[in-house]
Amino acid sequence: MTKKARHILTTFLAAIIAAACAPAAAGARMSIKASVDSSQIIMGNQTAVRLEIIDGADNQATIAVDKAAFPAEVEIIDWVYGDTTDLGNGLVEMQRALVIQSFDSGVYEIPPFLMVNGPDTLRSNALTLKVNPVDVSGMEDINPLAQPASFETKWYDFLPDWLTDNWVWILIGLLVIIGGVCAYLLANKKIDIAIMPQKKRLPPDVIAFDRLNALKDAQLWEKGQEKEYYTRLIDILRDYLQERFGINAMEMTSSQILKALSANEETRLPHRYMQKVVEIADYVKFAKVRPLPDDNVRSWQHAMQFVEETRPQPLPEETAEGAVPPEKKS
């Protein structure tokens, strides 16, 4: 074999070896790491499991959790998607968060998360979550049992006998005197009694519109207070759902609220506006995402649209029998 032929063969074999090793090298650089915001929580509280994922730029990997190995006492509330950063060399870094909650005290092991990319499967590290019970050591009985007593002294035991024996007639005499004085003052216009009408409670939709307009005027997200802005926006909608439909939204998670709206005939169609607001609000709260100004404006508009389409519709005015409608009067 000539020198030139050996050089061509060597170059060809090197190219084949480099092509075969490239996927393996890229796969070796992929990784998945799990961490938890708080390894100890109180019963009923929520926390987030955060995943740092390094994948190929084609982003073909699938992230999964082994629900069979996941503790039944820990409830999966929602997945939240965070930022994606280009690391170069055909790799990207992705942020994901899994919101969990538990109502049973104990120590639970969160199993590794799986990253599946074709034939390759990577596992994250396992986590431990401790759920502490609510401390009730400082609580006391609302109505403690009374201790038995051989003799209990009443307040009227200290009054004179003539007062306790004739209190009914004394009370009647006082009422007659007071009534006579009031009648005299009213007859001679010495006093004026003004009865203040009870202030009529505004409808829930009017209250919601007023609070949404006040939130817009506060310009919170323009000042960089996106978390406060979305907290107040969600609270306004939760209060509106409570007053308008009797939905206890203040005690419900985002997914529970959307499920309740889907089951309600009046909110089945407009609930899509609520869903868009809730999605961005969860990103801001759990994934610490800073939304774009257009997203902030659209969230406020979606909230207004939801209230507008679910507010009570006015009843058509009925024309009194025998009356001439206003447009027909001469």
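Here are some short exercises, each with a worked solution, on a predicted model of a protein chain.

**Exercise 1. Get your bearings: how many helices and strands does the protein chain have, and what share of its residues counts as buried?**

Start with the secondary structure. The chain comes to eight helices and ten strands.

Next, look at burial. The chain has 330 residues, and 28% of them count as buried.

Then check the contacts with a separation of 6 or more. Residues 24 or more positions apart account for 64% of those contacts.

**Exercise 2. Find the largest pocket and say which elements give two or more residues to its lining.**

Begin with the volume, which is about 450 Å³ for the largest pocket.

Now go to the lining. It takes in 27 residues, and those nearest the pocket's centre are R238, M252, T253, S254 and K285.

Trace the lining back to the elements. Two or more residues come from each of strand 5 (74–88), strand 6 (91–102), helix 5 (226–245), helix 6 (254–263) and helix 7 (271–286).

Last, sort the lining by type: twelve residues are nonpolar, seven are polar and eight are charged.

**Exercise 3. Do the same for the second largest pocket: which helix gives the most to its lining?**

First, the volume: about 170 Å³ for the second largest pocket.

Second, the lining. Pick out D78, W79, V80 and Y81, then S254, S255 and L258, and finally Q275, V278, E279, D282 and Y283.

Third, the elements. Strand 5, helix 6 and helix 7 each bring at least two residues to this lining. Helix 7 comes out on top, with five.

Fourth, the types. This lining splits into six nonpolar, three polar and three charged residues.

S254 is worth a second look: it is among the residues nearest the centre of the largest pocket, and it also lines the second largest one.

**Exercise 4. Work out why the buried residues of helix 6 line one face of the helix.**

Step one is to list them: S254, I257, L258 and L261 are buried in helix 6.

Step two is to look down the helix axis. The buried residues fall within an arc of 95 degrees, so they line one face.

Step three is to turn to the face that points away from the buried side. There you'll find K259 and A263, which are exposed.

Step four is to ask what the buried residues pack against. Their partners are helix 5, helix 7 and helix 8 (293–310).

**Exercise 5. Count the aromatic pairs, then say why W79 and F113 form an edge-to-face pair.**

The count is four aromatic pairs in the structure.

Now take W79 and F113. Their ring centres are 6.2 Å apart and their planes stand at 80 degrees; edge-to-face needs over 60 degrees, so this pair is edge-to-face.

Place the partners along the chain. W79 sits in strand 5 and F113 in strand 8 (residues 113–117), 34 residues apart, so to speak a link between distant parts of the chain.

Compare how the two are covered. W79 is partly exposed, at 27% relative accessibility, whereas F113 is buried, at 1%.

Now try Y240 and F306. With ring centres 6.3 Å apart and planes at 85 degrees, this pair is edge-to-face too. It joins helix 5, where Y240 lies, to helix 8, where F306 lies, across 66 residues of chain.

Check burial here as well. Y240 has 2% relative accessibility and counts as buried, and F306 is buried at 0%.

To finish, look for a third ring: ring pairs link F245 with Y240 and F306 into a cluster.

**Exercise 6. Is V99 buried or exposed, and which residues does it touch?**

Locate V99 in strand 6. Its relative accessibility is 2%; buried means under 20%, so V99 counts as buried.

Then list the contacts, leaving out residues up to four places away in sequence. V99 touches Q46, T47, A48, E75, I76, I77, D78, V80 and F286.

Take one of these partners, V80. V99 and V80 are 19 residues apart in sequence, and their C-alpha atoms are 7.6 Å apart in space.

**Exercise 7. Where does Q219 lie, and what is its phi?**

Find Q219 in the loop between helix 4 (204–218) and helix 5.

Read off the backbone angle. Phi is positive, about 55 degrees, although Q219 is not a glycine.

Add the accessibility: at 42%, Q219 counts as partly exposed.

Note on methods:
Residues are numbered from 1 along each chain as its sequence is written. This is a predicted model: local features need pLDDT of at least 70, side-chain atom pairs count only at pLDDT 80 or more; totals for chains, interfaces and linings use all residues. Side-chain values use heavy atoms; hydrogens and water are left out. On a 1 Å grid over the protein atoms alone, a cavity is a set of points where a 1.4 Å probe fits but cannot get out, and a pocket is an open set with protein on both sides within 12 Å along at least five of seven lines; lining residues have an atom within 4 Å of a point. Grid points are joined across faces, edges and corners, and a volume is the space filled by probe spheres set on the points. Helices (H or I, at least four residues) and strands (E, at least two) are DSSP runs, numbered from the N terminus. Ala, Val, Leu, Ile, Met, Phe, Trp, Tyr, Cys and Pro count as nonpolar, Asp, Glu, Lys and Arg as charged, and the others, Gly among them, as polar. Buried means under 20% relative accessible area, exposed over 50%, partly exposed in between (1.4 Å probe, protein chains only). The arc is that of the directions from the helix axis to the C-beta atoms. Contact means heavy atoms within 4.5 Å. Rings of Phe, Tyr and Trp (its six-membered ring) pair if their centres lie within 6.5 Å; planes under 30 degrees apart count as stacked, over 60 as edge-to-face and the rest as tilted.
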